[in-house]
Amino acid sequence: MNTQPYELICPAAALADGRLYFRLLSADKRCLAPGAGECAQAAASHRLILIEEGAATLALEDRTRRLPARGAAALIPPGSGFELRSASEGRTAWSCLAFAAAIGTDERVATYSHAVDLAFLAQTDTQALPDRTLRQLRRLERETDPAWRQLRFQELMLMLFAGGDSRKDADAAARVEAAISAMKQDYAEPLTVRDLAAAAKLPLHRFAAIFRQLTGSRPLDYLNELRIERAKDKLLRSAEPLREIARLTGFKDEYYFSRRFRQKTGLAPRQYARSAGSCIRVTDALGRRVDIPLRPQRIVYQGETFGDLVALGAKPVGGSVFWDQRAVLAEHVGLVEDVGWPVDPDALARLGPDLIIMACDEEDPCVSASRIAPTVAFDTFAQLDSRLLKLGELLGRQAEAERWLESHRERTEAMWQQLAGELGEEETAAVFTIARGGRLFVMGTIGLAATLYHASGFRAPTAVDRLLSHRQSYLEIAPEQLRAYAGDRIFLVVTDEPASHAAARALASAETWRSLPAVRQGRAYQVGAVGWNYGDALTSSMLLDKLPALLRRSS
């Protein structure tokens, strides 16, 4: 009998002799260089491997399997070790979720260690997970509250089991995936849903249900949208008659093609071709292909890194999430209307934007906003270089982005050269922040830490270095864990919340803080979140002047 409590447990699958429950034990995000490998010893827990970028080979004790692309997944049963090796042509980003499983009824819950009923992914050919499942994984990885983290995991497992918890169901999903691939390849052929279902050896209603589960669309709608997208490309790249473009993209005649095209885009095909001459097609953070203005003028930006737009000289008319920075940003961006978080559609529509950039990891907000103006999803958690170059593409300011980044690299190197004589060799530093009602976090890849951990700057303490190697943004810790993460210097970031200031005062008087070597030596610095711990380009630029001044005052 397992006496360990199962937090926030909920049934994820029904078995013959009870219900199956799950509890997350750990979730680690890791990276492998091209051709590199990582071995993991046998464990008592179940482990779920999910590929978020690249490709890999998974060697188990009894077989070797390919994890060929983003979305590939595999389940490691209890008592099994494994080796994951990245493909030689690129790096692999992957996550390992360790979890406990229990089976039980209302009266009794017992540990469940068998693999067979959990083998919904254990197939000869690995099942690729839908994008919505990977977005749920990213939400789980970013969550720091333990209770919410468990809830995100329960939701993830329910998504995984939604397609079935048996080999039969997984095989059916794989056959529908094959049909989707065939549609992408043969979209111009006279395909019917009945023929696709027959090829997948599934009843029509079952094929349609699994298809919608995997794509979010009905088969015929998906096929027509696919054909419209291909037609857009041909309209922009050729002067062929409409009847020929209709034939090449699978429509029965030019009149039906024109009607469906107008329904989808709001424009006749030739109108689209003329208007799109001043547009470009981009791929956003959700993998969506979006047509946007070549040089947008009325931009709305919903995201945490509003200062990125300042670096490129953009003047947005609306935005959100950055309002605690408005005192710093006002002189650079002028009047910017708050469109809310989540976005208020009425406020958005009143601005009449020609481009909306949204920090979101789900399609629904983008689809809603796109009814007002072209909308792209943007990854505000990406590294500064990657973000600026992507914004340069979206705003038609590629040259400005490259110039800013080159100047920032030179200024950063010059700053660390100036400080070289004042910092100890291999000196370490750690950044802690008190936020969200007085909770304590250690920073990893974002904020002030991103500036400190430079090749010519501070080294990360060993425990923090593990966060960096896993590309983890931050981690909530208890005050008793401070010593494990502390460095030769400590930066404590305090937000404007009263609870943050109260918790900082309490921490300053605690022995766990006062006993740290950096505190005893006067190498602990308290700074405000605004102007210090944001990861946007404007804050990063300002830090190059503020950081040397702070360090020299303490010398």
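**Notebook: aromatic rings**

I began with a group of rings: Phe251, Tyr256, Phe257 and Phe261 form one aromatic cluster. A reminder to myself: this is a predicted model, and I am reading computed values throughout.

Staying with that cluster, I looked up what accompanies Tyr256. The charged end of Lys252 sits over the Tyr256 ring, 5.2 Å from its centre.

Next I asked how many aromatic pairs the count comes to. I found 13 aromatic pairs, taking ring centres within 6.5 Å as the rule.

I picked one of them, Phe207 with Phe211. Is this pair stacked, tilted or edge-to-face? It is tilted, with 5.8 Å from centre to centre and 45° between the planes. Then I checked where the two residues lie: both are in helix 5 (residues 204-215), 4 residues apart, which is about one turn of the helix. I also looked up whether they are buried or exposed, and both Phe207 and Phe211 are buried.

Phe211 turned up again in my next entry. Phe211 also pairs with Tyr222, and this pair is edge-to-face: the centres are 5.4 Å apart and the planes make an angle of 80°. Which parts does this pair tie together? Phe211 belongs to helix 5 and Tyr222 to helix 6 (residues 219-237), so the pair links parts that are 11 residues apart in sequence. Tyr222 is buried, as is Phe211.

My last entry is another charge over a ring. I found the charged end of Arg230 over the ring of Tyr187, at 5.4 Å from the ring centre.

Key
Residues numbered from 1 in each chain as written. Predicted model: local features only at pLDDT ≥ 70, side-chain atom pairs only at ≥ 80, totals over all residues. Heavy atoms only, no water. Phe/Tyr/Trp six-rings, centres within 6.5 Å; stacked < 30°, edge-to-face > 60°. Buried < 20%, exposed > 50% of the residue type's maximum accessible area, 1.4 Å probe, protein only. Lys NZ or Arg CZ within 6 Å of the ring centre and 35° of its normal.
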